[in-house]
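The following exercises concern the architecture of a protein complex. Please examine the sequence and the model below before working through the solutions.

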Amino acid sequence: MQIFNFAKPLNFMRLKWAAVVLSAALVLGSFTSIAINGINWGLDFTGGTVIEVGFAKPADLVAVRQTLTNAGYEDAVVQLFGTSRDVLIRIPLRADIAQAVVGDTVLQALNSQQAEAVTMRRVEFVGPSVGEELKQDGGLAMLMALLGILAYVAMRFEWRLSVGAVAALAHDVILTLGLFSVLQLEFDLTVLAAILALIGYSINDTIVVFDRIRESFRKLREATVAQTINDAITSTLNRTVITSLTTVLVLIVLFYMGGALIHGFATALLFGIAVGTYSSIYVASAIAEILGISREDMLPPPPVDKEGESTDAL
Amino acid sequence: MLNKNPIWRYVLVIGMLLLALVYALPNLYPEDPALNISATRGGTVAEETRLQLEQSFRSANISAKSVVLAEGQILARFNSTEDQLQAREIANQQLGANFVTALNLAPATPGWLTAIGATPMNLGLDLRGGVHFLLAVDMKAALDKNLNDMVQTFRADLREDKLRYRNVQADIDSAQVQVSFRSTEDVVAAEAALKKRDRELVFTTSSDNLTLLVGISEIRLKEIREYALEQNITIIRNRVNEIGVAEPLVQRQGADRIVVQLPGVQDTAQAKEILGATASLEFRLVDTEGDLGSALEGRVPPNSELYYSRDGRPVLLEKRIMLTGDHITGASSGYDEYSQPQVNIKLDAKGGTLLSAGTKNAIGRRMASVFIEYKPGTEIGADGNPVLIKQQEVINDATIQARLGRDFVITGINSPAEAQNLATLLRAGALIAPVQIIEERTIGPSLGKENIELGITAIQWGMAAVLLFMAVYYKAFGMVANIALVANLVLLVGMMSLIPGATLTLPGMAGIVLTVGMAVDANVLIFERIREELLEGRSVQQAIHHGYDRAFATIADSNITTLLVALVLFGIGTGPVKGFAVTLAIGILTSIFTAVVGTRLLVNLIWGGRRVQSLPI
């Protein structure tokens with residue numbers, strides 16, 4: 001059984017400009033949405049308190065809101081979480097109360113004013129400085145991962161491919177951030193982890209294609225650059241699609257069975273892998289081609305390198 | 001011969017898998033609700049304590065699975081949580097305050113597995129329930145205290161060297177001590193004198209050359225911070241041990257943070273009170289010469305400060321601190337001969353010397369004990385956290401009857417309960433720098449259990465989906481990949497159990513699911529390659545050989561970059577995300593091993609080195 005079986009390489013590079021325009025438009029759209037709508041940062045980044053409580057019966061949200069208002073938390077956001085018996089209460093950071101005790105006082109208020117005792121499922125409090133640091137550290141981590149990959153690919157392959165690979169990765173990350181911004185999905189620490197995992201996954205795909213491009217350059221002596229790239233992408237297409245398929249399979253399982261806490265994580269990866277598959281075919285290779293990669297760049301270096309030849313005179 | 005492997009390779013790989021399987025086994029055994037009993041400071045748990053407990057459990061009709069004494073602790077296992085809770089009540093009643101009882105879930109790993117060091121995976125708090133605190137140490141307070149100490153030392157030193165100064169004061173904002181003089185000669189002389197005493201001071205002079213600005217060197221600043229952090233960690237560890245938690249974790253994080261994890265703790269209010277209370281004690285002489293009346297109107301004598309006692313009575317105390325609470329090594333509550341509550345205090349050697357010197361010429365004068373507590377107030381500071389308010393009150397002042405030494409007594413305490421409270425706080429230690437909670441995550445036990453179930457279901461279904469797909473798509477070769485995938489899971493779990501620092505969290509379980517989906521990638525690469533080689537007309541044996549050979553470079557390259565990302569994740573992540581990074585990294589390594597080395601052995605065993613016309617791929 002085989003998904004694709006092509007007699008001739010498909011002409012992927014014919015559409016390279018269309019792909020570049022599409023990707024640029026999507027990236028621009030993502031930036032616009034991030035600028036206008038912003039990102040719905042989760043508790044990990046904004047700071048504040050989240051309390052998840054379980055009720056024995058389906059919860060009466062109006063009553064819960066009333067209880068919280070009476071206890072002095074008018075700004076609390078109350079919503080169902082996962083099931084009708086689980087309630088999630090979010091309380092933003094406020095200047096006039098000691099933050100660390102909010103969880104305890106809310107639980108007390110709920111237990112004293114509701115007919116039935118609630119069960120505490122989780123309480124999370126994050127101070128404002130912690131969230132700010134996390135944003136910085138998270139951004140730094142993404143940058144470091146990208147730079148590390150840039151260096152590794154440049155070393156193992158060639159700088160044009162390296163630029164293409166990192167552009168493809170940045171493309172995937174920006175589009176995923178854009179999705180979270182457009183849909184206003186909550187961006188928490190697990191989503192950040194998912195995006196970093198996505199960087200790892202997407203580079204996998206790209207490198208498989210690059211490896212083939214290098215090989216095809218050596219094998220197809222007479223072909224043009226575009227033909228070579230087309231050949232490489234076509235012959236790895238089966239693998240690209242199958243691996244994406246198995247990964248998407250487990251992610252769908254994770255999305256539906258992993259519980260509400262894993263939802264954001266699964267969403268980010270599902271979307272990211274779809275985009276990542278496209279970008280490793282189109283963005284990475286197209287950029288390398290546009291930057292003018294040639295056969296000579298990919299052939300093994302000449303055995304003798306005259307030292308000092310390439311450096312400028314002092 | 002192509003595609004043949006020596007026997008030793010099979011033995012090696014099968015051996016490794018068996019080893020991983022053995023170390024993965026403990027995870028299959030359930031956990032027993034258990035009770036951990038240890039003695040508090042100074043006490044010991046003896047065999048007779050164990051026998052007593054066993055006896056009382058039996059008489060209360062609680063069937064304990066086992067009651068064992070090991071490593072100075074008693075571990076009692078029960079069949080149900082109800083039994084466990086009841087047993088705790090009984091143990092608390094019977095043993096009294098000298099023992100700490102902690103609820104625990106003890107892994108029911110059989111003896112032969114524990115004997116070879118096989119233990120189940122560490123579960124993160126999001127899976128086992130409990131509370132996680134991140135505490136920040138207020139370094140500014142530590143520094144301020146140091147500056148104030150410097151002021152006192154400088155005054156004494158300058159007086160001793162007969163150098164006349166106009167004023168010595170701490171400038172908190174610039175973290176310097178300002179010493180002003182009448183002449184520039186004095187400034188030069190004072191600088192020389194102070195420099196001789198302490199080489200870690202940094203001297204500058206003000207623009208008019210009459211004030212010496214004394215700062216603290218970077219090295220000393222670092223020492224102060226380190227000391228404040230280390231002291232806090234030690235003290236918090238002691239306090240946590242007194243709460244009675246099985247397997248607590250108190251760990252440094254970064255330059256000024258402390259992570260505290262208390263598995264199984266649900267009542268966070270109590271835990272917070274104990275962690276957050278930062279009490280310290282200072283002993284100062286009462287200023288009997290100063291005029292209390294004018295001090296109340298705002299004219300406090302320069303060497304004194306105005307304090308209030310618990311009942312609101314004003315007291316003038318000397319600024320000089322005779323002794324601070326960090327020299328206290330022990331404190332216990334008791335009664336004096338008139339049955340009044342009192343606190344007995346023991347000091348360390350240096351504290352004893354200090355107090356002895358301080359009280360030598362002060363017999364007959366009054367000495368006050370000032371109790372200082374830092375509590376988060378309503379005001380929010382520049383860093384966004386509530387500003388800690390220093391609350392100080394004179395809890396007692398008494399006439400010094402004799403020169404005091406390493407043991408002394410504080411009397412005049414209102415109630416026995418208060419005496420006990422004070423003793424506990426003092427015993428738990430005096431912090432030089434207060435801490436505050438900047439992050440808290442509490443996971444209830446029901447959610448933890450649910451998370452485990454969700455994770456396991458997701459792994460099972462994810463696994464099933466991938467196994468089915470591979471079997472359909474690659475037929476017999478797909479089955480080979482499936483065997484490798486199962487072996488990969490066993491290896492991953494075995495490694496996670498074996499590595500002491502690896503912790504399984506909910507995102508970590510998601511990482512396992514993801515690994516299952518991505519681990520087949522290596523096999524997909526190899527199998528696609530073999531198909532291509534076959535299409536190009538190579539022989540079966542050649543195709544297998546080249547397929548594996550050519551795919552390997554690609555597999556290595558693509559996985560090294562993913563490993564790089566996992567390392568970055570490990571670097572920034574906290575708790576659950578670190579767990580994800582660990583599973584991702586281990587998963588990459590094990591999947592390369594099983595998908596490349598493992599499947600090759602199988603493929604060679606089945607199809608290698610013999611005449612095969614076509615491959616079921």
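**Exercise 1.** Determine how many bridges join strand β6 of chain B to strand β12 of chain B, and place this pair in its sheet.

*Solution.* Seven bridges join β6 (residues 130-137) of chain B to β12 (residues 257-263) of chain B, and the two strands run antiparallel. Strands here are DSSP runs of E with at least two residues, helices are runs of H or I with at least four residues, and both are numbered from the N terminus. Two strands pair if DSSP finds at least two bridges between them. Within this pair, H132(B) has Q261(B) as its bridge partner in β12(B).

The model is predicted: local features need pLDDT of at least 70, side-chain atom pairs count only at pLDDT 80 or more, and totals for chains, interfaces and linings use all residues. Residues are numbered from 1 along each chain as its sequence is written, while chains are lettered from A and ligands numbered from 1 in the order in which they are written.

The pair belongs to an open sheet of eight strands with antiparallel pairing, in the order β2(A)-β3(A)-β1(A)-β4(A)-β22(B)-β6(B)-β12(B)-β11(B). At the edges stand β2 (77-81) of chain A and β11 (249-253) of chain B; each has a single partner strand, so one side of each lacks a neighbour in the sheet. From one strand to the next, the twist averages 20°, with axes taken as lines fitted to C-alpha atoms (for helices over the stretch in contact) and angles running from 0 to 180 degrees between N-to-C directions.

**Exercise 2.** Identify the strands through which the sheet passes from chain A to chain B, and describe the contact between the chains.

*Solution.* In the strand order, β4(A) is followed by β22(B). Five bridges join these antiparallel strands. Among the bridge partners, V126(A) is matched with E439(B), and E124(A) with R441(B). Seven bridges join β4(A) to β1 (residues 48-54) of chain A, also antiparallel; there, T49(A) has F125(A) as its bridge partner.

Next, consider burial (20 or more other C-beta atoms within 10 Å of a residue's own for buried, 12 or fewer for exposed, partly exposed in between, with C-beta atoms placed from the backbone). Seven of the eight residues of β4(A) are buried. By contrast, V77(A), which lies in β2 of chain A, counts as partly exposed because it has 14 C-beta neighbours inside 10 Å.

Finally, the contact between the chains takes 61 residues from chain A and 64 residues from chain B, where contact requires C-beta atoms, placed from the backbone, within 7 Å. On the chain A side, the elements giving two or more residues include α4 (102-113), β4 and α5 of chain A.

**Exercise 3.** Is chain B a compact globule or more spread out?

*Solution.* Chain B contains 16 helices and 23 strands. Its radius of gyration, taken over C-alpha atoms, is 34 Å, well over the 25 Å that the globule rule gives for 617 residues, so chain B is more spread out than a compact globule. The rule is 2.2 Å times the number of residues to the power 0.38. The C-alpha atoms of chain B fill a box of roughly 110 × 75 × 40 Å along the principal axes.

An automatic or database assignment divides chain B into domain 1 (7-26 + 446-607), domain 2 (30-108), domain 3 (130-276) and domain 4 (278-430). Between domain 1 and domain 3 of chain B, the C-alpha centres lie 52 Å apart.

Key. Two residues are in contact if their C-beta atoms, placed from the backbone, lie within 7 Å.
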